[in-house]
Amino acid sequence: MPRKPSLASLSINAGAPLPENGRAFRHGPEFASTFHLSGDVDPNAYQYGRFGQPTWTSLEQGLAQLEGGDTIVFPSGMSAAAGILTSLLKPGDTILLPSDGYAPVRFYTEQYLVKFGVKLKTIPTQEIDNFDFSGIDLALLETPSNPMLDTFDIQGVAAKIHKSGGLLAIDNTTLTFLGQQPLALGADISMSADTKAVNGHSDVVFGHVACTSQALSDKIRQWRKFSGNIPGPMETWLVHRSLSTLDVRLQRMCDTAMLLAQALYEHPKVKSVRYPGLPKDPSYNIAKTQQQLFGFIISFELDSKCKADAFLKACSLVYEATSFGGVHSTAERRARWGTDNIAPGVVRFSVGCERADDLIYDVMHALKQL
Ligand SMILES: Cc1ncc(COP(=O)(O)O)c(C=O)c1O
């Protein structure tokens with residue numbers, strides 16, 4: 001039996017045209033709002049740009065192969081999350097969200113779904129493994145969580161929530177499908193803010209949702225069609241173009257993150273470090289069994305808000321910015337948003353594709369200035 005290629009190798013050509021003589025290696029973006037459509041409506045033909053279009057199809061087919069389930073693309077990670085929540089929840093249902101995850105998902109639920117009778121429960125990520133899921137209709141959880149990188153056992157949680165009749169959706173943004181496979185681990189839905197590592201060049205806002213069951217993906221695709229939350233062909237094509245280099249980018253970013261996390265861990269001016277690849281990290285045991293990569297985000301604590309600000313100013317290779325997953329290293333004092341319950345000196349650091357020796361030198365040099 002020939003050996004099956006890894007997802008990493010498949011990601012290079014996922015969703016590309018079949019290799020036929022005279023055919024280009026790649027699709028270009030197809031700009032279309034209107035398609036020829038005569039006679040009775042053909043359900044298999046493109047009909048209208050809000051319902052479906054070829055550039056989405058190419059990327060969706062590529063992502064479906066990598067995620068292991070039918071995939072729907074969205075114009076942002078938030079619209080992907082909103083699509084899951086709004087299309088699957090009904091009045092009286094209970095949604096479980098992490099209290100320490102990406103805060104706007106909670107804000108969307110509080111502002112737009114609770115008033116229609118959806119009940120919201122929140123839980124710190126560290127308590128998820130021991131949670132009793134009875135009464136939960138849908139859980140949309142993050143592992144590793146953003147920003148503090150706590151983890152839980154997807155397989156164990158999926159088994160528990162399915163037993164009590166609920167659905168499990170995983171926000172896989174911090175790792176991507178090359179770093180963790182939520183559907184293979186038993187989740188019903190995997191979502192991602194492709195604004196981050198999947199696109200990886202800090203020039204596109206994008207998202208997608210992948211589902212194990214066609215019944216779920218049909219509902220989410222229908223929400224996209226009727227709410228009009230659709231991505232443009234240019235953005236879709238840019239994300240598809242970036243997919244071919246995702247594996248090389250991630251390998252470099254994660255290798256460097258491990259080295260940087262070790263250097264920070266040993267540094268006297270760093271109070272604490274969270275990185276799932278450090279054997280002493282509370283996330284390590286789960287990360288090493290269910291993840292293919294330890295990730296490219298490190299959260300570490302300096303003594304105070306002032307020290308964190310001074311550190312960010314003293315770095316020369318690191319852009320101060322929110323967001324993560326780009327080819328360039330970025331970092332921010334995360335408490336500046338006031339939305340996460342974290343210490344004022346915490347720096348969330350997203351390792352980019354710079355050479356490891358240059359980046360580590362830059363960070364160590366900046367710490368020396370404090
Ligand atoms: C874990 C996570 N989920 C979802 C989102 C939302 O993605 P977007 O900004 O593309 O709407 C983000 C953005 O930072 C995120 O970090």
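# Pockets, sheets and domains in a predicted model

The largest pocket has a volume of about 430 Å³. The structure is a predicted model, and its chain is assigned to domain 1 (7-243) and domain 2 (246-368). Each of these domains contributes at least three residues to the lining of the largest pocket. Apart from this pocket, two cavities of 30 Å³ or more are present.

## The largest pocket

- The lining comprises 26 residues, and those lying nearest the centre of the pocket are Tyr102, Pro104, Asn146, Lys196 and Arg334.
- By residue class, the lining of the largest pocket consists of twelve nonpolar, nine polar and five charged residues.
- Three elements, helix H3 (77-88), helix H4 (103-113) and strand S6 (189-193), each provide at least two lining residues.
- H4 makes the greatest contribution to the lining of the largest pocket, with four residues.

## The two domains

- The centres of domain 1 and domain 2, taken over C-alpha atoms, are separated by 26 Å.
- The contact between them involves 40 residues of domain 1 and 31 residues of domain 2.
- Both domains also take part in the second largest cavity, whose lining draws at least three residues from each of domain 1 (7-243) and domain 2 (246-368).

## The seven-stranded sheet

- Seven strands make up an open sheet with mixed pairing, arranged in the order S1-S7-S6-S5-S4-S2-S3.
- Strand S1 (70-74) and strand S3 (119-123) are the edge strands, each of them pairing on one side only.
- From one strand to the next, the twist averages 20°.
- S6 and strand S7 (residues 207-211) run antiparallel and are joined by five bridges; within this pair, Met191 has Val209 of S7 as its bridge partner.
- H3 lies across S1, strand S2 (94-98), strand S4 (138-142), strand S5 (167-171), S6 and S7, and runs at about 150° to S6.
- H4 also packs on this sheet, where it touches S2, S3 and S4, and its direction makes about 155° with that of S2.
- H3, H4 and S6 therefore belong to two descriptions at once, since each also supplies at least two residues of the lining of the largest pocket.

## The five-stranded sheet

- A further open sheet has five strands in the order S8-S9-S12-S11-S10, again with mixed pairing.
- Strand S8 (272-274) and strand S10 (319-320) stand at its edges with a single partner strand each, so one side of each has no neighbour in the sheet.
- Four bridges connect strand S11 (residues 330-333) with strand S12 (residues 346-350), and the two run antiparallel; Ala331 is bridged to Phe349 in S12.
- Helix H8 (residues 246-265) packs on this sheet and touches S8, strand S9 (297-301) and S12, with its direction at about 10° to that of S9.

## The cavities

- The largest cavity has a volume of about 50 Å³, and the second largest has a volume of about 40 Å³.
- The largest cavity is lined by Leu97, Pro98, Gly101, Tyr102, Val105, Arg106, Leu140, Glu142 and Asp171.
- At least two of these lining residues come from each of S2, H4 and S4.
- Five nonpolar, one polar and three charged residues make up the lining of the largest cavity.
- Around the second largest cavity lie Pro144, Leu149, Thr174, Leu175, Pro276, Phe294, Gly295, Phe296 and Ile297.
- The lining of the second largest cavity has seven nonpolar, two polar and no charged residues.
- Tyr102 lines the largest cavity and is also one of the residues nearest the centre of the largest pocket.

## Backbone features in loops

- The peptide bond from Thr143 to Pro144 is cis, with omega near -5°; Pro144 is located in the loop between S4 and helix H5 (154-163), and Pro144 is among the residues that line the second largest cavity.
- Asn146 and Pro147 are likewise joined by a cis peptide bond, with omega about 15°, and Pro147 is in the loop between S4 and H5.
- Asn146 is also among the residues nearest the centre of the largest pocket.
- Ser202, a residue other than glycine, has a positive phi near 60° and is placed in the loop between S6 and S7.
- Ser323 is not a glycine, yet its phi is positive at about 80°; Ser323 lies in the loop between S10 and S11.

Note on methods:
Residues numbered from 1 in each chain as written. Predicted model: local features only at pLDDT ≥ 70, side-chain atom pairs only at ≥ 80, totals over all residues. Heavy atoms only, no water. 1 Å grid on protein atoms, 1.4 Å probe; cavity = no way out; pocket = protein on both sides within 12 Å on 5 of 7 lines; lining within 4 Å. Points joined across faces, edges and corners; volume = space filled by probe spheres on them. Nonpolar A, V, L, I, M, F, W, Y, C, P; charged D, E, K, R; others polar. Domains from an automatic or database assignment. Pairing = 2+ DSSP bridges. Axes fitted to C-alpha atoms, helices over the stretch in contact; angles between N-to-C directions. Contact = heavy atoms within 4.5 Å.
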